[in-house]
Amino acid sequence: MRCQHCGHEVPEGSVFCNHCGYRMSNEVTCSYCHEPMPSTSVFCPHCGKAVDNAMNVASRQSAAAAQGAPRPATYNEQRQAAQRQAQQRQANAWQRPEPVEPDDDDDNEGGGGRSHYDRNLIIGIVLAVLAIALLSLLKHCNSRENDRLEARADSAALVAEGSQDPMAVFTAELSRNAFTDDKAYTGCAVRFASTDPDTPERIVGVTYKDNTDRPFIKVYQLTRDGAQWKTELGQTKYFDGRIISMDNSSLIADGMNVPRAVTIDGKEYLYFAFLNHLKGAGEGNNGRVTLALYDVGAKKLTTLTYDGQIRSRTDGRQYVYSRGPLENTSSSERTFLRQEAASIGAIKVATQEEIDAEEEAKAKEEEEKALAGEENADKKWDHDNAENMDKLKEGEEVKMKSTQYDKPIINMKEIKDKLENDRYLVFLDTKGSVLGFNKNSRKYFTIYGGKNGAATGISFHGDNNVLIKTGNGNITYDLVHDKAKHAN
């Protein structure tokens with residue numbers, strides 16, 4: 001093999017030349033877009049930039065030699081010349097005239113001055129060399145950074161110019177205009193084409209970020225200006241303490257409907273939607289779905305939010321069970337958004353019947369909670385047996401509802417009368433309630449609540465039956481089967 005750079009022969013299979021260090025591979029990397037290309041390339045086939053590699057230089061040198069032009073020095077030749085010059089300067093700096101034996105009278109006059117002069121000269125030369133090297137390094141770094149920025153801008157411009165995908169154009173333009181420093185995700189982008197020559201083409205898109213203390217959405221507007229796009233930030237909305245998601249899978253929505261460009265009352269809008277749940281929210285916790293309209297002309301954002309409990313569908317995907325939007329829907333924009341909410345599966349709006357049933361169940365739950373506890377045993381008995389007492393007055397024998405308690409429901413200071421046999425203890429308190437205790441199960445229970453007339457006396461009526469005397473008549477209560485009936 002022969003090196004294409006210096007012409008020396010190198011061992012077969014070498015990766016680098018053992019004379020000049022030149023890479024023998026047929027491929028090199030573009031210094032602008034960093035894509036691989038043939039080593040003989042003059043221009044990069046990916047970004048179109050002129051390539052500054054050794055083969056390119058050699059090609060240009062050959063062409064110049066063919067035309068009689070002087071051959072420019074290669075990079076290695078320039079580096080070697082610079083090294084020789086530096087070595088020469090260093091050698092000159094260390095060369096000094098032969099020392100002259102001073103007279104005895106000069107021992108304390110001129111010898112010290114010449115030594116200081118030589119030392120300062122050497123230090124000055126070294127500092128000058130270091131300064132030149134530092135300036136060269138800074139210039140090189142700055143040149144590479146400028147090339148990188150130019151390549152990124154050129155790449156973004158090519159994407160924006162050649163692509164018809166609004167998401168690709170939107171993302172490229174945000175990058176080219178340094179709007180991506182917030183590291184937000186691109187949620188959507190929609191093109192607003194215009195048939196009116198006085199109205200420029202526009203692209204409106206949304207970015208969002210949720211892994212921060214202040215999640216947000218940002219709406220950007222791109223306006224076509226000749227061959228370029230003008231990019232500006234239209235709106236920013238923050239959602240403290242919430243998680244944002246804009247994908248249609250989470251919204252359970254049709255991608256043909258969300259997002260899209262719409263016209264309402266002659267105005268153009270970008271319609272989009274997103275989730276904004278509480279952080280860490282899951283089944284049974286609070287969740288929200290927000291629908292939004294961005295007025296392209298007025299650069300105004302209108303939202304409609306459905307808030308409610310997060311529940312799961314039969315397919316495992318979650319939705320927000322809401323009673324309706326938090327905002328009123330008097331405007332035409334919010335009326336439109338309320339109609340669109342029906343097409344988003346992540347929202348389930350409760351019907352009036354469902355709301356009434358929930359209210360009833362909630363009231364019952366609160367009532368039962370208020371009657372819970374041993375201190376409310378007689379009140380709970382009256383509540384649970386209200387219908388049974390009405391049937392009892394009509395002469396029926398009724399199966400009573402009885403609640404068993406592990407802890408005492410009896411205040412011994414309020415006991416008026418007491419009955420006992422081998423199986424039960426029965427008590428009459430000062431409020432007119434009758435209470436019992438089962439010696440076998442060690443459970444406490446209520447026999448009569450007293451709401452339908454305070455009990456005035458008790459006695460056994462058989463082995464396990466209690467006769468309860470009240471102002472509205474007598475009642476017999478079967479302690480074994482919890483049955484009651486009127487008695488003469």
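**Exercise 1. Which residue in β18 does Gly 436 stand opposite, and how many bridges join β17 to β18?**

Start with the pair itself: in this predicted model, Gly 436 faces Phe 445 of β18. Next, zoom out to the strands. β17 covers residues 434-438 and is joined to β18 by five bridges, with the two running antiparallel. Now place them in their sheet: it's an open one of four strands, ordered β15-β16-β17-β18, with antiparallel pairing. The edges are β15 (415-420) and β18 (443-448), each of which pairs on one side only. Ignoring direction, neighbouring strands here are turned by 25° against each other on average.

**Exercise 2. Where is Arg 442, and is Arg 442 buried or exposed?**

Arg 442 sits in the loop between β17 and β18. Check its backbone: phi is near 60°, a positive value in a residue other than glycine. For context, most residues other than glycine have a negative phi. Then the accessibility: Arg 442 comes out at 53%, and the cut-off for exposed is over 50%, so Arg 442 counts as exposed.

**Exercise 3. Do the same for Lys 299: where is Lys 299 found, and what is its relative accessible area?**

Lys 299 is in the loop between β10 (286-295) and β11 (300-312). Its phi is also positive, near 55°. The relative accessible area is 28%, so Lys 299 is partly exposed, that class lying between 20% and 50%.

**Exercise 4. Trace β19, β20 and β21: how many bridges join β20 to β21, and how many residues lie between β19 and β20?**

Take β19 (residues 455-460) and β20 (residues 465-470) to begin with: they pair in the antiparallel sense over five bridges. One bridge to look up is Ile 458 with Ile 468 in β20. Their hairpin has four residues between the strands, and Gly 462 takes a positive phi near 100° there. Moving on, six bridges join β20 to β21 (residues 473-478), again antiparallel. Asn 465 has Asp 478 in β21 as its bridge partner. This second hairpin has two residues between its strands.

**Exercise 5. What span should helix α7 have, and how far apart are its end C-alpha atoms?**

α7 runs over residues 352-371, which is 20 residues. At 1.5 Å a residue, applied to one less than the number of residues, the helix should span 28 Å. The end C-alpha atoms are 29 Å apart, so the two values agree. Just after the helix, Gly 373 has a positive phi of about 105°.

**Exercise 6. Which peptide bond is cis at Pro 259?**

Look at the bond from Val 258 to Pro 259: omega is near -5°, which is cis. Pro 259 is located in the loop between α5 (248-251) and β8 (260-264). Most peptide bonds are trans.

Conventions: Residues numbered from 1 in each chain as written. Predicted model: local features only at pLDDT ≥ 70, side-chain atom pairs only at ≥ 80, totals over all residues. Heavy atoms only, no water. Pairing = 2+ DSSP bridges. Axes fitted to C-alpha atoms, helices over the stretch in contact; angles between N-to-C directions. Buried < 20%, exposed > 50% of the residue type's maximum accessible area, 1.4 Å probe, protein only.
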